[in-house]
Amino acid sequence: MAKQANAPVPGTYQIDTGTASLERDHYGDSSWLLRVNGVQSSHVDLNDPLRLDFEYMRWMAAAINQWPAGPAPYRRILHLGGGACSMARWAAAKYPDSRQVVVELDGKLATYVREWFDLPKAPLLRIRVGDAAEVTPTLTDATRDIIIRDVFAGNKTPARVSSKEFATQIKRVLDPDGLYLANCGDTSKLEEVRRESQILSEVFELVAMISDPAMFKGRRSGNVVFAASQRPFENLAALERDLRMDALPAQFRAV
């Protein structure tokens, strides 16, 4: 097979916010790991966009699959934080008629990702360079079925996108039947999880957390996915089943 003109090449690249390191995944020739400023950011399998190597992304995918937002397979999805666009590639493969916008702070990184990872073209997938905290307030009311927040500065979620004011903007942009999924990285003390849990509960009717039992018990650092909405999951039993069957079994806990 001929090598594509802009095929990914391992190495460290200068980007607007520092450096991006691209590494081959030793478990597959078509798989790549992206680090941004030394921190793991994304994993991509060029041959299988439905493969999600990061467990929290699989948990998000399970939630989206069981959320009846709009006539399947159509979704209006906003991604706050792009990285290698792993979730956007997954959604494009799973729901090919969807319209997606990725908001990525680093313009140079966005250019590299488009070159390396064969992303769908606009209007199916648009990348908007900007700060999620500044872009979200400019968006039109009730125009997204799913909003995914996966924004980090280093290994922490910036306060600007985990505040009550920001959550209020998310609620405004979401369709009344929409779903907000927010990745929260935290230590075993779960201080950030508790803080954001309180904030989201003040804005949304229903808030739940998805993570593995060890994380919930404060035995390790890792990720908790918040699921917030104005309506309950109709297929909660199916979602709980899918989460239990994950490679890292997870639980769905109402806040």
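Before anything else, one definition: when I say that a helix touches a strand, contact means heavy atoms within 4.5 Å. Thanks for coming, everyone. Please keep in mind that this is a predicted model.

With that in hand, let's start at helix 3, residues 107-116. This helix lies across strand 1, strand 2 and strand 3, the last of these being residues 31-36. Relative to strand 1, helix 3 runs at about 135°.

So what are those strands part of? They sit in an open sheet of 4 strands, with the order 1-2-3-4 and antiparallel pairing. The edges are taken by strand 1, residues 11-15, and strand 4, residues 39-45. Each of these two has a single partner strand, and therefore one side of each is left without a neighbour in the sheet. As for twist, neighbouring strands here are turned by 25° against each other on average, ignoring direction.

As a quick reminder, strands of a sheet pair through backbone hydrogen bonds, in a parallel or an antiparallel way. In our case, strand 1 and strand 2, residues 18-24, pair in the antiparallel sense over 5 bridges. If you want a spot to look at on screen, find isoleucine 15, which stands opposite glycine 18 in strand 2.

Now for some backbone details. Most residues other than glycine have a negative phi, and most peptide bonds are trans. Which residues go against that here? Let me show you a few.

Asparagine 37 has a positive phi, near 50°. You'll find asparagine 37 in the loop between strand 3 and strand 4. With a relative accessible area of 42%, asparagine 37 is partly exposed, because that value falls between the 20% and 50% cut-offs.

Alanine 142 also has a positive phi, near 50°. Its place is the loop between helix 4, residues 132-135, and strand 8, residues 144-149. Alanine 142 counts as partly exposed too, at 32% relative accessibility.

Then there is the peptide bond from alanine 122 to proline 123, which is cis, with omega near 10°. Proline 123 lies in the loop between helix 3, where we started, and strand 7, residues 125-129.

Last topic, the cysteines. How many disulfides does the model have? The count comes to 0, going by sulfur atoms within 2.5 Å. Are cysteine 85 and cysteine 184 buried or exposed? Cysteine 85 counts as buried, because its 4% relative accessibility is under 20%. Cysteine 184 is buried as well, with a relative accessible area of 0%.

That's my tour; happy to take questions!

How values were computed: Residues are numbered from 1 along each chain as its sequence is written. This is a predicted model: local features need pLDDT of at least 70, side-chain atom pairs count only at pLDDT 80 or more; totals for chains, interfaces and linings use all residues. Side-chain values use heavy atoms; hydrogens and water are left out. Two strands pair if DSSP finds at least two bridges between them. Axes are lines fitted to C-alpha atoms, for helices over the stretch in contact, and angles run from 0 to 180 degrees between N-to-C directions. Buried means under 20% relative accessible area, exposed over 50%, partly exposed in between (1.4 Å probe, protein chains only).
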